[in-house]
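Before we begin, please take a moment to look over the sequence and the model side by side. The dialogue below will take up a few features in turn.

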Amino acid sequence: MEREKELILKLDSLHRLETEEWEELIRCRDDDVAEFAAELARKHSREIFGNQIYTRGLIEISNYCKNNCYYCGIRRDNSSVERYRLTREQIIECAGIGYELGFRTFVLQGGEDGSFTDEFMCDVIGEIRKNHPDCAITLSLGERSEKSYRLMYEAGANRYLLRHETADSAHYRKLHPEEMSFENRIRCLYTLKEIGYQVGCGFMVGSPGQTESCLVKDMELITDLQPEMVGIGPFVPHHATPFAREPGGTVKQTLFLLSLIRILKPDVLLPATTALGTIDPKGREKGIMAGANVLMPNLSPTDYRKQYELYDNKICTGDEAAECRVCLANRVSAIGYEIVTSRGDAPGWTQK
Ligand code: SAH
């Protein structure tokens, strides 16, 4: 145990570890070590962000997807899901409602839906940018061409969330069908960064076939890419996918990894995810206590919430955006934090 604590302190001072050191640390299942990491992680998020929790209003713009990822509930071959796509007006209206509620970052997330052409996206982004010049616009629309990423950036988007899902190419193959490419996914992340987006990578904790050595590679990717954000949450099985009977990720491992990521990159934007809140009613609060500093409540119209079901039992599918806001404010204040109305950019960030 002393050895693992030493490694955590080494990570804290060097912001990197050797592969074997990561392996040793990630293998650790000791509660004392996890608490040691959480305390240090929390200390860093407190120093940098105070008791402030940033919120992002998530707008799930479509559940049509051309991809067939084995873990995902909105994969192409899931014929039991009713498909929807928000209109230009609905997306803009969601952002307007969110603005009134105090959100200053909107995340437009969706499956890889071919009808979201560059032209459509740039128009919507431009309109939101015009209506709310003080807001950040984040996209999470999967893999697109460099040209598309550039056009959307020029139209006013600021950030892009693209979880790499796993930094191990063999593991990537276990999670995705042949037609998807690990190299392309990683390349997209570097391209987005190069263009000037604040970039978020990330992965599911406990996804089928994930080993400690996969997680080591995830940590090394974060060390190399230096993303502004890292989104991690437990894998939660979805009943109508090939992984329906696989075990889900655990709260404990997710929390430990959140803490390690905070220590690796103290100023990173780190959400306590909805998936974590789904497998534990206090999951998001525990995430904050382990070093997370961001929450991403749902702003999608309630009529469609149930249809954007990436995994089973997803929480908050019945709540209005305003209710979510109040619920989260109460939850964070109960643990000594507060939700703030701010763009919540990465510390020191200046727009190119
Ligand atoms: N199409 C976009 C958005 C994907 S949905 C893209 O490719 O980036 C956002 C994230 O949800 C995914 O990146 C994945 O990590 C996560 N997710 C999907 N299915 C999940 C599941 N069964 N359990 C937990 N998280 C899941």
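What follows is a conversation between a learner and a teacher about sheets, helices and a ligand.

Q: What kind of model is this, and how are residues numbered?
A: This is a predicted model, in which local features need pLDDT of at least 70 and side-chain atom pairs count only at pLDDT 80 or more, while totals for chains, interfaces and linings use all residues. Residues are numbered from 1 along each chain as its sequence is written, and side-chain values use heavy atoms, with hydrogens and water left out.

Q: How should I read a sheet, and what is the strand order in the sheet of six strands?
A: Strands (E, at least two residues) and helices (H or I, at least four) are DSSP runs numbered from the N terminus, and two strands pair if DSSP finds at least two bridges between them. Here the six strands form an open sheet with parallel pairing, in the order β2-β3-β4-β5-β6-β7. At its edges are β2 (57–62) and β7 (229–234), each of which pairs on one side only.

Q: Which residue is the bridge partner of G57 in β3?
A: The partner of G57 is F106, and β2 and β3 (residues 105–110) pair in the parallel sense over five bridges.

Q: Which helices lie against this sheet, and at what angles?
A: Contact means heavy atoms within 4.5 Å, and angles run from 0 to 180 degrees between the N-to-C directions of axes, which are lines fitted to C-alpha atoms, for helices over the stretch in contact. Helix α5 (residues 118–131) packs on the sheet and touches β2, β3 and β4 (136–140), with a direction at about 155° to that of β4. Helix α9 (residues 212–225) lies across β6 (198–205) and β7, and runs at about 175° to β6.

Q: What is the order of the sheet of three strands?
A: This open sheet has the order β8-β1-β9, with parallel pairing. Strand β1 (residues 52–55) pairs with β9 over three bridges, where Q52 has E338 as its bridge partner. Two bridges join β1 to β8, and Y54 stands opposite V294 in β8.

Q: Which residues come nearest to the ligand?
A: A residue counts as near if one of its heavy atoms lies within 4 Å of the molecule; of the 18 residues around the ligand, Y71, G110, R163, E165 and V236 come nearest.

Q: Which polar contacts does the ligand have with Y71 and R163?
A: A polar contact is a pair of N or O atoms within 3.5 Å. A backbone N or O atom of Y71 lies 3.0 Å from a nitrogen atom of the ligand, and a polar side-chain atom of R163 lies 3.0 Å from an oxygen atom of the ligand.

Q: How much of the ligand's accessible area does the protein cover?
A: With areas from the Shrake-Rupley method and a 1.4 Å probe, the protein covers 92% of the 550 Å² that the ligand has on its own.

How values were computed:
Polar contact = N/O pair within 3.5 Å; in protein donor to acceptor, adjacent residues only side chain to side chain.
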